[in-house]
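Walk through this model with an eye on its empty space. Pockets come first, then cavities, then one strand.

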Amino acid sequence: MKLTQTVAAIAFILGTALPATAEELSFAHFVPPQHTITASVVEPLSKGLADKTGGDLTVRVYPGGELGAGPVEQYVRALQGVADITFGLQGYTSSQFQKSMLIELPGMVQQGDHGYDMLWNAYDKYLSSEFPGTKPLALWVSEPNVMIMKDHEIRKPADLDGLKIRVAGAAAAEVVTALGATPVQMPITQVYNALDTGLIDGVFTGSSAIADFKLDEVADSYTIGAPLGRISFFVVMNQGKYDSLSDKQKAAIDEFAGRPLSKSAEDAWNAKGNKAIADVKAAGNNTVIELTPEEIAAFAAITEAVTQKQIDALDAANIVAAMQSK
């Protein structure tokens with residue numbers, strides 16, 4: 001065999017034996033590295049992909065807005081390929097996620113239910129159209145929303161009359177309005193200063209935010225038990241980037257993404273929220289109001305009516321049924 005033929009044959013054999021080209025995926029988010037997203041999503045996804053592919057697929061994290069400072073633009077960053085993967089909140093672009101955000105309404109996630117299961121139950125048939133150009137890797141909800149207040153103690157709906165309450169999106173805004181307060185929509189990263197300066201009187205959000213964003217430094221009253229709904233989250237990947245990967249790399253993503261990664265996130269949010277409430281109780285300088293069943297019912301009469309109104313407005317009974325299917 002001629003030398004050139006021998007070299008060509010060796011090159012062909014080696015070429016077919018070579019592993020897929022190594023890929024490093026960029027994961028961008030807007031929160032600090034110590035936020036709950038790191039241990040519950042970023043680290044298990046990074047380790048899982050690296051282990052499954054023998055290091056051929058890795059993740060590099062860009063926290064704290066390194067690839068763009070605006071939390072509202074997180075979905076667009078994945079869509080446009082500014083980052084391969086992003087973390088964000090549906091509520092920041094509520095008009096895009098009207099069906100998905102049904103999960104945020106009071107009473108939608110009952111005791112013992114898992115919000116991530118409900119979202120994935122309805123995803124293929126009803127929710128996928130709200131995620132164009134991306135592949136969702138995780139969809140989940142927070143622990144129940146609580147009232148985090150400064151200089152106001154809330155025991156009944158009338159206590160909220162005229163107060164300015166920060167909300168994450170349109171679903172929570174409807175609830176706040178029904179309770180007689182004024183909703184103020186802003187990213188969670190702005191809440192600390194807004195509470196501190198009196199721009200807002202309080203915030204309805206999951207209790208994990210108390211610790212993740214140090215809200216205990218500026219809030220002094222917490223009301224627990226009112227049916228106020230929850231916050232929904234996503235981690236999405238640019239669809240074109242996913243499609244460009246090798247079959248082995250895509251299989252690794254498919255194994256770790258979806259319900260398993262969503263469960264990891266939701267479990268972590270709930271654990272962080274429970275600890276945050278325990279910590280503010282133990283601090284000794286806060287008012288922690290745990291509503292009685294009668295007080296809860298007074299809030300529920302208002303907030304759960306908002307839920308039904310939203311379902312009717314979207315003609316979404318079939319979506320709710322899919323979410324709640326077992």
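Which elements each supply at least two residues of the lining of the largest pocket? In this predicted model, they are β5, α10 (259-283) and α11 (293-313). The largest share comes from α10, with five residues.

The volume of the largest pocket is about 720 Å³. Its lining counts 31 residues. Nearest the centre lie Val 109, Gln 111, Glu 143, Pro 144 and Arg 230. By class, the lining splits into 14 nonpolar, twelve polar and five charged residues.

The second largest pocket has a volume of about 180 Å³. Here α5 gives the most to the lining, with three residues. Ala 170, Ala 171 and Glu 174 are among the lining residues. So are Ser 94, Ser 95, Gln 98, Met 101, Leu 102, Leu 105, Gln 310 and Leu 314. Six of the lining residues are nonpolar, four polar and one charged.

Now turn to the closed spaces. The structure holds two cavities of 30 Å³ or more. The largest has a volume of about 160 Å³. It is lined by 20 residues. Ile 188, Thr 205, Ala 209, Phe 213 and Phe 233 lie nearest its centre. At least two lining residues come from each of β3 (85-89), β8 (202-206) and α7 (208-212). Helix α7 gives the most, with three. The lining has twelve nonpolar, five polar and three charged residues.

The second largest cavity holds about 30 Å³ of space. Helix α5 (residues 170-178) supplies the largest share of its lining, three residues. Ala 171, Ala 172 and Val 175 are among the lining residues. Others include Glu 104, Leu 105, Pro 106, Asn 145, Leu 228 and Arg 230. The classes are six nonpolar, one polar and two charged.

Some names recur. Arg 230 lines this cavity and lies among the residues nearest the centre of the largest pocket. Leu 105 and Ala 171 line this cavity and also the second largest pocket.

Last, strand β9 (residues 221-224). Are its faces covered or open? Both are covered. Ser 221 and Thr 223 are buried on one side, Tyr 222 and Ile 224 on the other. Strand β5 (residues 145-149) pairs with β9 in the antiparallel sense, over three bridges. Strand β11 (residues 287-290) runs parallel to β9, joined by four bridges. Tyr 222 takes part in both pairings: it is the bridge partner of Ile 148, and its own partner in β11 is Val 288. Strand β5 links back to the start, as it supplies at least two residues of the largest pocket's lining.

Methods: Residues are numbered from 1 along each chain as its sequence is written. This is a predicted model: local features need pLDDT of at least 70, side-chain atom pairs count only at pLDDT 80 or more; totals for chains, interfaces and linings use all residues. Side-chain values use heavy atoms; hydrogens and water are left out. On a 1 Å grid over the protein atoms alone, a cavity is a set of points where a 1.4 Å probe fits but cannot get out, and a pocket is an open set with protein on both sides within 12 Å along at least five of seven lines; lining residues have an atom within 4 Å of a point. Grid points are joined across faces, edges and corners, and a volume is the space filled by probe spheres set on the points. Ala, Val, Leu, Ile, Met, Phe, Trp, Tyr, Cys and Pro count as nonpolar, Asp, Glu, Lys and Arg as charged, and the others, Gly among them, as polar. Buried means under 20% relative accessible area, exposed over 50%, partly exposed in between (1.4 Å probe, protein chains only). Two strands pair if DSSP finds at least two bridges between them.
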